[in-house]
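Colleague: I am new to this structure and would be grateful for a guided introduction. May we proceed by question and answer?

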Amino acid sequence: MTRTAHTPTSPAKQMLSEQVYAHLRNAIMRGEFAPGDALKPQDLSRQRGVSLAVVREALVRLVGEGLAERLTNRGFAVPAFSDHRWQQIGEARRAIEPVLLRMSIERGDLNWEGDVRAAYHRLARTPAFTPEDGEYYSEAWAEAHRVFHRALLEGCGNPVLLETFDRMWVASELARRWAHRNPERDGVDEHRRLEEATLARDSDTAVDILTRHLTLTTAALAEQEN
């Protein structure tokens with residue numbers, strides 16, 4: 001029986017693909033591409049000075065993260081700002097994250113408590129908006145926000161479930177980057193109460209706060225399309 005030899009990707013190509021992927025991911029998250037914008041491999045290949053294969057490999061990774069869509073016979077594009085899509089993401093987060101939070105409260109140890117407290121402290125001390133970012137959330141706050149929400153759930157001890165959270169977070173974070181501030185919402189107080197209830201090991205209260213927090217986020221993102 002004859003086997004077809006598999007040629008591994010060269011280290012140089014892997015490095016180029018990683019660089020192109022990182023560049024495109026950052027550009028999309030910074031809003032350099034508008035919702036629905038085409039991501040044309042030929043143009044990107046020319047702009048970055050790399051092969052089409054390298055660009056396509058990077059784009060496929062972005063599709064896997066939910067930061068790009070593969071269009072039938074039309075290449076790739078940034079996801080369109082779809083109310084239906086954000087509602088689906090919000091529904092998935094409300095179904096999964098409260099379960100992980102209960103597991104974390106039941107299983108989390110003292111190190112987990114320390115991580116939650118430290119992540120909240122960082123979030124509380126990081127400005128959500130800065131003059132250079134205008135009406136959009138700052139990069140530093142966005143990262144502190146992600147770390148806090150993930151720290152809440154890491155006590156569950158299940159890496160498979162945490163990977164699911166990571167994928168949903170990236171998808172919803174893309175929408176958040178396109179959203180403007182909501183002066184009527186007190187996000188600081190929402191996070192403070194969430195941290196307090198979690199560290200008090202009050203599962204019911206913590207889950208109620210988290211569920212409402214996610215519901216308000218979904219509603220705010222959906223309103224951006226209207």
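**A ring pair and the cores**

Modeller: Let us begin with helix α7, where Phe165 and Trp169 lie four residues apart and are therefore separated by about one helical turn. Please bear in mind that this is a predicted model.

Colleague: How are the ring planes of Phe165 and Trp169 arranged: stacked, edge-to-face or tilted?

Modeller: The ring centres of Phe165 and Trp169 are 5.7 Å apart. Planes under 30 degrees apart would count as stacked and those over 60 as edge-to-face. The planes of Phe165 and Trp169 stand at 40°, so the pair is tilted.

Colleague: Is Trp169 buried or exposed?

Modeller: A residue is buried when its relative accessible area is under 20%. The value for Trp169 is 4%, so Trp169 is buried.

Colleague: Which helix supplies the largest share of the largest nonpolar core?

Modeller: The largest nonpolar core has 27 residues, and Phe148, Leu152 and Leu194 are among those with the most contacts inside it. Helices α4, α5, α6, α7, α8 and α9 each supply at least two residues of this core. The largest share, six residues, comes from α6.

Colleague: What is the distance between the end C-alpha atoms of α6, and what span should its 16 residues have?

Modeller: Helix α6 covers residues 139-154, and its buried residues include Trp141, Phe148 and Leu152. At 1.5 Å a residue, its 16 residues should span 22 Å. The distance between its end C-alpha atoms agrees with this, being 22 Å.

Colleague: Over which ring does the charged end of Arg61 sit?

Modeller: The charged end of Arg61 is 3.7 Å from the centre of the ring concerned. That ring belongs to Tyr21.

How values were computed
Residues are numbered from 1 along each chain as its sequence is written. This is a predicted model: local features need pLDDT of at least 70, side-chain atom pairs count only at pLDDT 80 or more; totals for chains, interfaces and linings use all residues. Side-chain values use heavy atoms; hydrogens and water are left out. The expected span of a helix is 1.5 Å times one less than its number of residues. Buried means under 20% relative accessible area, exposed over 50%, partly exposed in between (1.4 Å probe, protein chains only). A nonpolar core is a set of buried Ala, Val, Leu, Ile, Met, Phe, Trp, Tyr and Cys residues joined through side-chain atoms within 4.5 Å. Rings of Phe, Tyr and Trp (its six-membered ring) pair if their centres lie within 6.5 Å; planes under 30 degrees apart count as stacked, over 60 as edge-to-face and the rest as tilted. A charge sits over a ring if NZ of Lys or CZ of Arg is within 6 Å of the ring centre and within 35 degrees of the ring normal.
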